[in-house]
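The following paragraphs lead a new reader through a protein structure, from a feature of its surface to its sheet, its charged pairs and its polar contacts. Please keep the sequence and the model in view while reading.

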Amino acid sequence: MSSLVRDRLGGFAFGADYNPEQWSESVWDEDMALMKAAGVTMVSVGIFGWAAVEAEPGSYDFGWLDRVMDRLSANGIGACLATMTASPPPWLAHRHPETLPRRADGTVLSPGSRQHYCPSSPVYREHAARLVEAVATRYADHPALALWHINNEYGCHVPECFCDVSASAFRSWLGVRYGDVDALNDAWSTTFWSQRYAALDEVLPPRAAPSFLNPAQVLDYKRFSSDALLECYLMEKEILRRVTPDVPVTTNFVGAWHRIDVAKWAPHLDVVSYDSYPDPHEPDTVIQAAFMYDRMRALHGKPWLLLEQAPSAVNWRTHNAPKAPGEMRLWSYQAVARGADAVMYFQWRQSRGGAERFHSAMVPHGGPITRAYTETAALGAELGRLDAVLGSTVDAPVALVSDWSSGWAVQGSALPSADLGQEETDFAHYRPLWTARVAVDVVSPSVDLSRYRLVVVPNLYAVDVAVAERLVEYVRAGGHLVMSFFSGIVDSAERVHLGGYPGPFRDLLGFGVDEFWPLPPGGAVALGSGGVGTHWSEWITPAGAEVLDRFADGELAGRPAITRHAFGDGVATYLATRPDEATMAAVLDRALAEAGVAAVLPDLPAGVEAVERRGSGGRWLFLLNHNKHAVTVRLPEGSEGAEGAAGAVDVLTGDVLGAEVELAGRGVVVARMG
Ligand code: GLA
């Protein structure tokens with residue numbers, strides 16, 4: 001199996017963000033010794049190093065970084081070298097205050113934190129480009145250079161800037177998208193509320209306004225803002241490609257889905273990277289993490305890099321729980337099981353001062369005689385045993401469709417209900433699939449769906465007819481689809497599909513929706529099956545669909561709540577409400593069975609996750625016990641050594657496994673399945 005990580009590092013990428021500029025050089029030798037002892041193979045260097053290399057505009061001092069890079073290569077540690085553009089030095093804002101970003105209400109975001117730049121600022125871009133050129137040229141041939149780390153978590157703090165420079169860039173972007181003002185007026189429905197523009201020059205960002213903003217303007221601004229950041233990324237990438245054509249580039253995506261459109265960004269990364277910070281206080285945290293890992297893997301359909309996670313507690317929530325003993329290891333393997341070829345942390349040495357001084361690190365304030373160091377070092381030693389897994393991936397029979405633009409749109413204002421969070425909706429559909437232990441790719445609706453046996457569409461509110469047609473064709477050709485309410489309602493400019501809801505999906509689903517009847521906050525409606533619906537209900541008039549469940553009380557009593565429609569060679573199931581968890585699971589289980597999708601491993605104890613990675617080099621079954629107590633798991637038939645079948649071996653211990661495997665509390669087994 002080809003593996004970018006193996007090619008660049010010889011094995012797993014294991015390490016952390018390394019910020020040596022925060023420490024005197026006397027500490028660096030100890031850093032190297034501790035890294036070696038912990039099995040570190042790669043560190044991300046220089047992410048916030050701009051002020052340390054360019055103390056004054058145009059005057060570079062790379063001395064300290066040269067010495068760091070030399071030490072890394074002398075110790076056989078690769079550098080994921082940052083382009084350093086994530087946090088401009090104070091002199092940039094001091095000399096060019098116009099580079100500072102503005103909020104929609106006009107507030108200027110000051111220096112003193114980080115990410116205080118307007119992505120559209122030509123001044124920021126010019127200084128960033130000059131720095132990237134200098135860094136790239138300096139380290140192009142350095143033996144430690146393994147990977148380029150462009151910027152850091154684009155859009156994490158400032159996804160949108162509303163300043164005048166951004167306004168002007170927005171107008172240029174609109175010119176490219178619409179050609180002329182008439183097309184924009186048409187797309188934005190500006191005859192409404194006297195919003196008609198006479199010229200593109202009159203258009204502004206959706207700044208603070210007296211009442212509801214034009215939804216198409218708001219949505220386009222989100223698209224524009226993601227593209228403005230993408231332009232910054234591409235500007236840097238182009239420099240790196242020119243200077244170091246053979247060094248792969250990445251940038252680290254963040255968990256919150258709504259900032260940049262990662263589906264649009266992903267084709268521009270050589271490898272997808274993700275920063276994962278599950279909250280130990282949150283009961284569903286491992287399922288939420290799994291959802292994001294399935295999204296990251298599906299972006300390329302290849303291994304991705306867990307570029308940051310906390311060794312223990314973070315410091316940026318209101319209450320920051322440490323990871324319990326064994327949790328960091330277990331959660332790291334969860335990422336590996338779901339396709340990660342790297343396990344990296346933020347950060348190497350815990351900062352003494354600054355806003356992250358209480359964020360955990362591999363080397364805490366207490367030094368290496370601490371739980372964080374011992375547990376991470378133990379994992380580093382162990383990961384080497386998994387080198388054969390590098391390059392393999394997860395073969396998912398189920399797709400969960402989640403579209404960025406539609407998600408932005410459905411979280412807008414002046415909709416039938418304000419309770420339509422895309423993240424929460426996606427998760428409500430993902431959770432039962434996780435519990436059923438089926439592998440899922442989280443994808444955008446434009447990918448090739450034909451390879452999936454079941455496609456789940458939690459909510460696709462904004463969709464153009466051509467994209468909707470892909471889903472219709474998927475079912476016509478024999479696919480199985482589960483769709484939930486308020487899908488297929490508007491196009492990508494938020495104009496309603498006329499002729500009855502849900503416009504492009506009416507024939508597919510075999511009914512029409514006459515009216516939406518959203519429930520009040522916390523409201524519930526009884527279902528005939530004995531379950532309840534939450535969030536939403538709607539007045540459905542069947543036209544061919546079979547009714548699986550009905551509303552049992554309220555004004556819609558007796559009307560369809562869950563339907564099933566045989567369409568072409570396939571089947572489309574529809575949920576006109578958000579059913580309770582058990583009902584949702586029953587609907588999805590039925591669809592999985594009809595689609596012929598089986599669990600990776602049946603009859604597992606609750607809280608045990610099973611994921612298989614496979615590639616040309618073999619198959620590995622990851623069993624992850626999220627319980628504190630031990631459990632017994634039956635391996636699939638034929639995997640034990642008996643009767644000539646290849647014996648499954650636990651790669652972590654080398655033990656040949658029998659038909660039953662004992663998993664310790666928070667334990668992990670990685671069974672090589674022949
Ligand atoms: C993000 C950033 C890091 C650091 C961590 C803390 O992932 O990229 O620089 O701030 O959060 O959790």
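In this predicted model, Phe192, Trp193 and Phe212 make a nonpolar surface patch of about 370 Å². One of these residues, phenylalanine 212, is placed in the loop between helix 8 (181-187) and helix 9 (215-243). Phenylalanine 212 counts as partly exposed because its relative accessibility is 47%.

The loop leads into helix 9, which has 29 residues. From its first C-alpha to its last, helix 9 reaches 43 Å, close to the 42 Å expected at 1.5 Å a residue. The N-terminal end of helix 9 is capped by asparagine 214, a side-chain oxygen of which lies 2.8 Å from the backbone nitrogen of alanine 216.

Helix 9 also takes part in a charged pair. Arginine 242 and glutamate 133 meet through their side chains in a salt bridge, with a distance of 2.9 Å from N to O. Arginine 242 belongs to helix 9 and glutamate 133 to helix 6 (residues 122-139), so the pair ties together parts that are 109 residues apart in sequence. Both partners can be placed by their accessibility: arginine 242 is partly exposed, with a relative accessible area of 47%, and glutamate 133 is partly exposed at 28%.

The next element to consider is the sheet. Strands of a sheet pair through backbone hydrogen bonds, and the pairing may be parallel or antiparallel. Here, 9 strands form an open sheet with parallel pairing, in the order 5-4-3-2-1-9-8-7-6. At its edges are strand 5 (249-250) and strand 6 (252-253), each of which pairs on one side only.

Strand 3 (residues 78-82) shows how a strand can sit within this sheet. It pairs in the parallel sense with strand 2 (residues 42-45) over 4 bridges, and methionine 42 stands opposite glycine 78 in strand 3. Another 4 bridges join strand 3 to strand 4 (residues 145-149), and these two strands also run parallel. In that pairing, leucine 81 stands opposite tryptophan 148 in strand 4.

How many of the residues of strand 3 are buried? Strand 3 is mostly covered, with 5 of its 5 residues buried. In a regular strand, side chains alternate between the two faces of the sheet. In strand 3, Gly78, Cys80 and Ala82 point one way, while Ala79 and Leu81 point the other way, and all are buried.

Elsewhere in the sheet, strand 8 (residues 304-308) and strand 9 (residues 340-345) run parallel and are joined by 2 bridges. Leucine 306 stands opposite valine 343 in strand 9.

Attention may now return to charged side chains. Side chains of opposite charge can pair when their charged atoms come close. A search of the whole structure finds 38 salt bridges. One joins the side chains of aspartate 294 and arginine 338, at 3.0 Å from N to O. This pair links distant parts of the chain, 44 residues apart: aspartate 294 lies in helix 11 (residues 285-300), and arginine 338 lies in the loop between helix 12 (327-337) and strand 9. Aspartate 294 and arginine 338 are both buried. They also belong to a network of salt bridges that links Asp294, Arg297, Arg338, Asp395, Asp441, Arg451 and Glu609.

A further salt bridge is formed by arginine 634 and glutamate 660, whose closest N and O atoms are 3.5 Å apart. Arginine 634 is in strand 24 (residues 631-634) and glutamate 660 in strand 26 (residues 660-663), so that distant parts of the chain, 26 residues apart, are linked. Arginine 634 counts as partly exposed at 48% relative accessibility, and glutamate 660 is partly exposed with a relative accessible area of 48%.

Two buried polar residues complete the tour. Serine 405 lies in helix 14 (residues 404-410) and is buried, with a relative accessible area of 16%. Its side chain makes a polar contact of 3.0 Å with the side chain of arginine 223.

Asparagine 625 is placed in strand 23 (residues 618-625) and counts as buried because its relative accessibility is 0%. What does the side chain of asparagine 625 contact? A polar contact of 2.8 Å joins it to the side chain of asparagine 627. In addition, a polar atom of the side chain of asparagine 625 lies 2.8 Å from the backbone oxygen of histidine 629.

Methods. Residues numbered from 1 in each chain as written. Predicted model: local features only at pLDDT ≥ 70, side-chain atom pairs only at ≥ 80, totals over all residues. Heavy atoms only, no water. Patch = residues over 30% accessible without salt bridge, like charges linked within 9 Å, V, L, I, M, F, W, Y side chains within 5 Å. Areas by Shrake-Rupley, 256 points an atom, 1.4 Å probe, with all protein chains shown as cover. Salt bridge = Lys/Arg side-chain N within 4 Å of Asp/Glu carboxyl O. Buried < 20%, exposed > 50% of the residue type's maximum accessible area, 1.4 Å probe, protein only. Expected span 1.5 Å × (residues − 1). Polar contact = N/O pair within 3.5 Å; in protein donor to acceptor, adjacent residues only side chain to side chain. Pairing = 2+ DSSP bridges.
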